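Q: Please take a close look at the interface between the two chains. Which parts meet there, and what holds across it?

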Amino acid sequence: MTDPDPQPWLRLDPRMLLVHPAREVVRFLPVLVGILVAGGASGAGPWGLLGVGIPVALGLVRYLTTSYRITGGRVELRRGLVQRHLLSAAIDRVRTVDLTATLAHRVLGLATVVIGTGSVAADADEQLELDGLPREQAAALRVQLLQSGAAAADDAALPSGTPPVPVVRFAPRWLWYAPFTSGGLVAAGALIGVLSQTTELFAVRIDVTEDDLSALTGLAVLGGAVALVALVVLLAVAGYWVVNAGFSLTHDGGAWHVRRGLLTTRETSLDETRVAGVTRGEPAALRLAHGARLSAIVTGLARSGESGAVLVPPAPRDTVADAASVVLGTPAPMTAPLRAHGPEATRRRYVRALAGSAPVVLVLVGAVVAGASPALLVVAALAIGAALALAWDRARSLGHTLVEQFVVARSGSLRRRRDALATGHVIGWTFRDTWFQRRVGLVTVDATTAGGQGRITVPDVRVGDAIELADAATPGLVAPFLRLGSDA
Amino acid sequence: MSAGTTLVALLVAAWLWDTYAVRWWVVGAAIAVATAYVVVVPEWRYLVHRWEVTETAVYTQRGWWARERRIAPMSRVQTVDLAQGALARAFRLATVTVTTASAAGPLRIDGLDRDVALGLVAELTAKADLVEGDAT
């Protein structure tokens with residue numbers, strides 16, 4: 001790999017000359033409009049040309065000043081005219097390779113390559129991004145980057161002519177799960193925000209008089225609510241469709257490839273040796289619809305890159321289970337029975353839920369005592385009921401186990417998750433307990449790892465079970481400290 | 001030390017409130033809470049705080065009301081950091097921070113004697129250096 005001859009610097013694809021100026025024009029659009037309007041008013045024609053020329057020139061400069069090469073086991077990227085950047089990264093530290101193609105890219109047969117090395121630099125300037133390579137070249141580069149890495153030993157990894165069979169492939173019935181995610185609410189909120197802004201902008205006033213209010217019958221309110229729900233559902237489905245259409249998860253060349261997107265396609269490749277485990281998200285709403293989602297815990301890929309680690313978007317539970325067992329190589333972590341955390345942990349769930357609802361209840365009861373309508377007591381009862389239901393579900397969810405070299409933990413209710421982390425990727429343990437927890441002999445255990453959120457958490461487990469889990473998962477690591485851990 | 005800053009913060013807060021002519025009992029309560037904190041918490045922290053380094057792992061225990069024990073295998077240690085604030089220098093103390101590749105937080109050993117801390121850093125660095133790979 002260490003080539004004594006320095007490789008020549010390579011340019012991006014010249015077709016980017018079409019994309020870059022177009023993008024710059026869009027970015028300068030407000031300025032352009034201003035110039036055109038001002039120019040039209042004062043009759044200054046040449047200024048308008050300058051307004052178009054600057055963005056085009058910027059695009060050209062960007063093309064001319066950006067180049068990359070792969071040499072001596074490193075990938076290097078040079079860019080910038082005034083402020084020169086030279087980025088260099090060792091290929092064996094490459095963790096993910098993303099191929100993104102917007103509509104403009106796709107029309108021209110191009111793709112953007114983003115190389116993830118697990119660096120914490122969030123600055124856009126520090127990202128290894130090759131915006132605009134021909135599709136085939138981008139795909140070849142990806143294979144080269146990922147194979148020179150950890151998967152070099154895998155001789156079957158050479159890209160064959162036949163595309164590999166996807167582990168998971170998008171099915172239209174997945175759209176059914178879209179309304180059970182929070183995506184619709186977010187989209188609706190954004191839409192309402194934009195609408196209210198535009199009505200303000202165009203000085204559209206909606207005058208509401210008292211007559212209007214009295215004319216507002218129950219039927220109209222119901223109709224409005226139904227329309228709102230329909231809008232949210234529609235937006236959720238549309239958003240899900242745009243992001244996840246054409247989804248596929250494949251395994252090829254020592255990496256997992258996730259491909260999705262209706263307009264902008266995005267292909268993420270995760271080096272398989274860096275996949276430390278998976279997280280199955282099963283929020284309450286999605287569970288009601290018999291769905292789940294799956295994401296990977298990737299070493300060196302921090303939380304901010306969580307979207308990059310999606311393995312299966314909200315989809316049928318069976319699909320997710322199949323995908324998880326293929327990715328982990330065994331179905332056990334997602335199917336094995338979990339060890340419950342006992343009555344102390346259950347009691348804690350109830351106490352905490354009720355304590356959380358206490359302020360609401362107290363305020364309501366206080367209001368009734370002070371002379372408000374007794375109907376408020378119904379609301380208070382509802383709050384208590386909701387707290388009890390939450391506590392019941394949270395207590396039911398708690399569990400952990402160690403199966404086939406995977407630490408498995410499940411917790412939560414509204415955002416329930418089941419994490420499976422390979423014991424080889426556990427890089428430490430944290431035991432946390434408050435005075436309340438010590439009183440009943442419980443402890444919250446974190447198995448720390450170098451990816452995802454940095455840890456998977458097993459809340460409120462009995463001290464004995466916790467030590468057993470840690471000792472079994474990483475033999476010999478915890479044992480020397482047991483005597484110390486049990487005193488104080 | 002953090003208790004001291006808390007006390008100062010509370011006193012300043014009480015002082016500011018006083019200028020807005022809020023009752024004296026607020027100031028009194030603040031002082032009482034701060035004093036209790038200063039008297040109890042550092043002692044409590046000191047009693048809880050433990051650390052140990054073996055051939056294979058680093059272990060710390062810290063906290064007071066909420067206690068946290070962390071274990072990191074020597075093979076996963078990424079950096080060893082020694083820090084001394086102005087006050088710590090005056091008392092010849094130092095804090096050693098051991099980080100792993102996890103984002104979930106480093107292991108911290110507070111208030112070590114400076115020579116002990118320097119020795120510990122040398123020891124940890126030597127031991128962590130024996131392991132190959134990028135410790136992730």
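A: The interface is described below, from its extent to its strands.

This is a predicted model, in which local features need pLDDT of at least 70, side-chain atom pairs count only at pLDDT 80 or more, and totals for chains, interfaces and linings use all residues. Residues are numbered from 1 along each chain as its sequence is written, chains are lettered from A and ligands numbered from 1 in the order in which they are written, and side-chain values use heavy atoms, with hydrogens and water left out.

Chain A brings 31 residues to the contact and chain B brings 24 residues (contact means heavy atoms within 4.5 Å). Between chain A and chain B about 2,500 Å² is buried, and carbon and sulfur atoms give 56% of that area (accessible area, 1.4 Å probe, that two parts lose on being put together, summed over both).

Eight residue pairs, both at pLDDT 80 or more, are in polar contact between chain A and chain B (a pair of N or O atoms within 3.5 Å; within protein, one must be able to donate a hydrogen and the other to accept it, and residues adjacent in sequence count only if both atoms are side-chain atoms). On the side of chain A that touches chain B, the elements giving two or more residues are β18 (428-433), α14 (435-439), β19 (442-448) and α16 (482-486) (DSSP runs numbered from the N terminus: helices H or I, at least four residues; strands E, at least two). β18(A) gives the most, six residues.

β18(A) runs antiparallel to β3 (residues 67-73) of chain B, joined by five bridges (strands pair if DSSP finds at least two bridges between them). In this pairing Asp433(A) is opposite Arg67(B) of β3(B). The side chains of Arg67(B) and Asp433(A) also form a salt bridge at 3.1 Å, N to O (a side-chain nitrogen of Lys or Arg within 4 Å of a carboxyl oxygen of Asp or Glu). The rule finds two salt bridges across the interface of chain A and chain B.
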